[in-house]
Amino acid sequence: MSLPNVTTIGSCAFENCSSMTELTLPKIKTIGQNAFYGCASLNSPNITSTELTSVGENAFNTPGTITLMGTTPATLASNNAFGTLMVVRVPDAALNDYRTADKWSDFKARIVGISAQLAYDVNVAAQTSSSGLSAAIGEENLGQVVSLKVTGDINGYDIMVMRNKMDNLHYLDLTDANIVANDYEYYTNCRTDDNIIGARSFYNL
């Protein structure tokens, strides 16, 4: 759905619209609380407006990404304006401004530059004393991974990386991955065995 001339969206305007899959807002200035709360199929809203000035509490709450084109961070009613899972993409030049702005700084790990790569399809070879997954993606990129497909062998080191270093991981495809035995504890007293997704592998993620 595109709303080319709308500048304000009121509270609860589209709450629980489960069939909404797309959203583009080129002129929006204010978004009220719960405006798109519960829109379960809306995972990549695109706010192309450069004039967004305020976002209400729980305006969005679904997993996925939202793209903001404004170079000045909008005023947030709370640090839950984008829920607890949504990754926020902003202009690269304004990345630090967003990450340090009031309330935005509370979820700075979920704020990434528009040019950042968020989806990875990697071939991995399990290592005996380190993570092959981390080596394939790059340690500096782990925090921005949203979607990951793994081909090859992984072990406890790689499970640990997915658990502890990929804070924004939402989509994981292990169809072509093999889990192999390793003595490293990815969780207390938990280690990988061949072809087994072990206890607490993805616990609390």
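## Helix H3 and its surroundings

The buried residues of helix H3 (132-137 being the range of helix H2) pack against H2, S10, S11, strand S12 (182-187) and strand S13 (190-192). In this predicted model, the buried residues of H3 are Gly156, Tyr157, Asp158, Ile159, Met160, Val161, Met162 and Arg163. Eight of the nine residues of H3 are therefore buried, and the helix is largely enclosed by the rest of the structure.

How do the neighbouring strands S10 and S11 pair, and over how many bridges? Strand S10 (residues 147-154) pairs with S11 in the parallel sense, over seven bridges, and one of the residue pairs is lysine 149 with its bridge partner in S11, aspartate 173. The chain passes from S10 through H3 to S11, and this β-α-β crossover is right-handed.

## The chain as a whole

The chain has three helices and 13 strands, and its C-alpha atoms fill a box of roughly 55 × 35 × 25 Å when taken along the principal axes. Of the 205 residues in the chain, 43% are buried. Among contacts between residues at least 6 apart in sequence, 42% join residues that are at least 24 apart.

## Strand S9 and a second crossover

Along strand S9 (residues 119-124) the side chains alternate between two faces. Tyr120, Val122 and Val124 point to one face and are buried, whereas Ala119, Asp121 and Asn123 point to the other face and are not buried.

S9 is joined to S10 by six bridges, and these two strands run parallel. Within this pairing, tyrosine 120 has leucine 148 of S10 as its bridge partner, and Tyr120 is also one of the buried residues of S9. S9, H2 and S10 together make a β-α-β unit, which is right-handed, and S10 then leads through H3 to S11 in the right-handed crossover described above.

## The four-stranded open sheet

As general background, strands of a sheet pair through backbone hydrogen bonds, either parallel or antiparallel. In this model, four strands form an open sheet in the order S3-S5-S7-S8, and the pairing is parallel. Strand S3 (46-47) and strand S8 (111-113) stand at the edges with a single partner strand each, so one side of each is left without a neighbour in the sheet.

S3 pairs with strand S5 (residues 65-68) in the parallel sense over two bridges; asparagine 46 has threonine 67 as its bridge partner in S5, and isoleucine 47 has leucine 68. S5 also pairs with strand S7 (residues 87-90), again in the parallel sense, over three bridges, and here isoleucine 66 has valine 88 of S7 as its bridge partner. Are the side chains of S5 buried or exposed? Thr65 and Thr67 point one way from S5 while Ile66 and Leu68 point the other way, and all of them are buried.

## The largest pocket

About 280 Å³ of space lies in the largest pocket. The lining of this pocket is made by 14 residues, and those nearest its centre are Met166, Asp167, Leu169, His170 and Leu205. Sorted by class, the lining has eight nonpolar, three polar and three charged residues.

Which elements supply at least two residues each of the lining? Helix H3 (156-164) and strand S11 (171-179) both do so, and these are also two consecutive parts of the right-handed crossover that starts from S10.

## Two residues with positive phi

Cysteine 12 has a positive phi of about 60° although it is not a glycine. Cysteine 12 is found in the loop between strand S1 (8-9) and strand S2 (30-31), where the residue is partly exposed, with a relative accessible area of 39%.

Asparagine 34 likewise has a positive phi, near 60°, and is a residue other than glycine. Asparagine 34 lies in the loop between S2 and S3, and with a relative accessible area of 16% this residue is buried, since buried means under 20% relative accessible area.

Terms used
Residues numbered from 1 in each chain as written. Predicted model: local features only at pLDDT ≥ 70, side-chain atom pairs only at ≥ 80, totals over all residues. Heavy atoms only, no water. 1 Å grid on protein atoms, 1.4 Å probe; cavity = no way out; pocket = protein on both sides within 12 Å on 5 of 7 lines; lining within 4 Å. Points joined across faces, edges and corners; volume = space filled by probe spheres on them. Nonpolar A, V, L, I, M, F, W, Y, C, P; charged D, E, K, R; others polar. Pairing = 2+ DSSP bridges. Right-handed = clockwise from strand over helix to strand, strands pointing away. Buried < 20%, exposed > 50% of the residue type's maximum accessible area, 1.4 Å probe, protein only. Contact = heavy atoms within 4.5 Å.
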